[in-house]
Amino acid sequence: MNEQDRLAEQQLLDYVQLSGAERYAAFLESVARTGKFWVAVSGEFVLTLFDEDGQELLPAWPSAATARASLVRAPQLQAYAPAERELSVWRERAAASMIEAGVVVGVFPNERMQSAVVDVVQLLAHLDDVLADEGELDGEDSAEDAAAETGLDLERAKRELAEKFAKPRES
């Protein structure tokens with residue numbers, strides 16, 4: 001794990017104390033950045049919980065350390081350990097089954113296993129939005145890099161275009 005990843009991990013551990021909405025935002029950012037999230041497993045069993053209304057949910061964390069931090073606080077869950085899930089694989093293989101079964105996602109549970117509860121479709125839509133936003137930012141960087149490689153002066157081109165369209169048309 002490099003220094004940047006270690007700092008991101010520590011920041012996520014600090015986020016465990018934040019509100020559900022803040023943890024949800026941190027989860028989205030982390031999963032969009034890494035393409036991974038963590039669930040809890042014991043042998044071949046994946047941990048699901050039930051909320052006070054009887055709704056079944058899959059707890060999901062943005063890192064192994066945040067999952068571990070929540071699981072160690074719950075003595076009845078000592079047999080469970082964090083297990084990595086690739087977002088793309090989960091989307092292909094598990095999301096549809098969860099939707100069909102009515103299982104929702106408990107995003108980034110804290111040490112009391114309280115989480116933002118989101119249905120799978122909504123979670124995937126939010127992740128897609130974050131990924132699209134990051135893609136737009138990445139696209140801007142790569143366009144500038146490509147321009148630099150070809151020797152284009154983007155600032156000059158912008159000035160020339162502004163001057164061209166600022167002049168009144170001559171009839």
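On a 1 Å grid over the protein atoms alone, a pocket is an open set of points where a 1.4 Å probe fits, with protein on both sides within 12 Å along at least five of seven lines; lining residues have an atom within 4 Å of a point. Grid points are joined across faces, edges and corners, and a volume is the space filled by probe spheres set on the points.

The exercises below concern a predicted model, in which local features need pLDDT of at least 70 and side-chain atom pairs count only at pLDDT 80 or more, whereas totals for chains, interfaces and linings use all residues. Residues are numbered from 1 along each chain as its sequence is written, and side-chain values use heavy atoms, with hydrogens and water left out.

**Exercise 1. Describe the second largest pocket by its volume, its lining and the character of that lining.**

Step 1. The second largest pocket holds about 150 Å³ of space.

Step 2. Its lining consists of L49, F50, D51, E52, L57, M113, Q114, S115 and V117.

Step 3. For the classification, Ala, Val, Leu, Ile, Met, Phe, Trp, Tyr, Cys and Pro count as nonpolar, Asp, Glu, Lys and Arg as charged, and the others, Gly among them, as polar. By this scheme the lining has 5 nonpolar, 2 polar and 2 charged residues.

**Exercise 2. State the order of elements along the protein and the share of its residues that count as buried.**

Step 1. Helices (H or I, at least four residues) and strands (E, at least two) are DSSP runs, numbered from the N terminus. The protein has 7 helices and 7 strands, and from the N terminus on they follow the order α-α-β-β-β-β-α-β-α-α-β-β-α-α.

Step 2. Buried means under 20% relative accessible area (1.4 Å probe, protein chains only). Of the 171 residues, 33% count as buried.

Step 3. A contact means heavy atoms within 4.5 Å. Among contacts with a separation of 6 or more, 66% come from residues 24 or more positions apart.

**Exercise 3. Determine the strand order and pairing of the open sheet that has 4 strands.**

Step 1. Two strands pair if DSSP finds at least two bridges between them. The order in this sheet is β3-β4-β6-β7, with mixed pairing. Its edge strands, each paired on one side only, are β3 (49–50) and β7 (116–118).

Step 2. Strand β3 runs antiparallel to β4 (residues 56–60), and 2 bridges join them. Within this pair, F50 stands opposite E56.

Step 3. Axes are lines fitted to C-alpha atoms, for helices over the stretch in contact, and angles run from 0 to 180 degrees between N-to-C directions. Helix α2 (residues 20–34) lies across β4, β6 (104–107) and β7, at about 60° to β7.

**Exercise 4. Which strands form the open sheet of 3 strands, and how is β1 joined to its partners?**

Step 1. The order is β2-β1-β5, and the pairing is antiparallel. Strands β2 and β5 are the edges, each pairing on one side only.

Step 2. Strand β1 (residues 36–42) is mostly covered, with 6 of its 7 residues buried. It is joined to β5 (residues 81–86) by 6 bridges, and V39 has A83 as its bridge partner there.

Step 3. On the β2 side (residues 45–46), 2 bridges are found, and S42 is partnered with F45. The hairpin of β1 and β2 has 2 residues between the strands, and G43 takes a positive phi near 65°.

Step 4. Helix α3 lies across β1 and β5, running at about 145° to β5.

**Exercise 5. Is M113 buried or exposed, and which residues does M113 touch?**

Step 1. M113 lies in the loop between β6 and β7. Because its relative accessibility is 19%, M113 counts as buried.

Step 2. Not counting residues up to four places away in sequence, M113 touches L47, L49, W61, S70 and L77. Of these, L49 also lines the second largest pocket, as does M113 itself.

Step 3. S70, in helix α3 (residues 64–71), is buried, with a relative accessible area of 0%. With the same exclusion of residues up to four places away, S70 touches W61, P109, N110, E111 and M113.

Step 4. M113 and A67 are 46 residues apart in sequence and 10.0 Å apart in space, C-alpha to C-alpha.

Step 5. M113 has a positive phi of about 60° although it is not a glycine. F108, in the loop between β6 and β7, has a phi near 50°, likewise positive in a residue other than glycine. F108 is buried, with a relative accessible area of 0%.

Definitions and conventions:
Buried means under 20% relative accessible area, exposed over 50%, partly exposed in between (1.4 Å probe, protein chains only).
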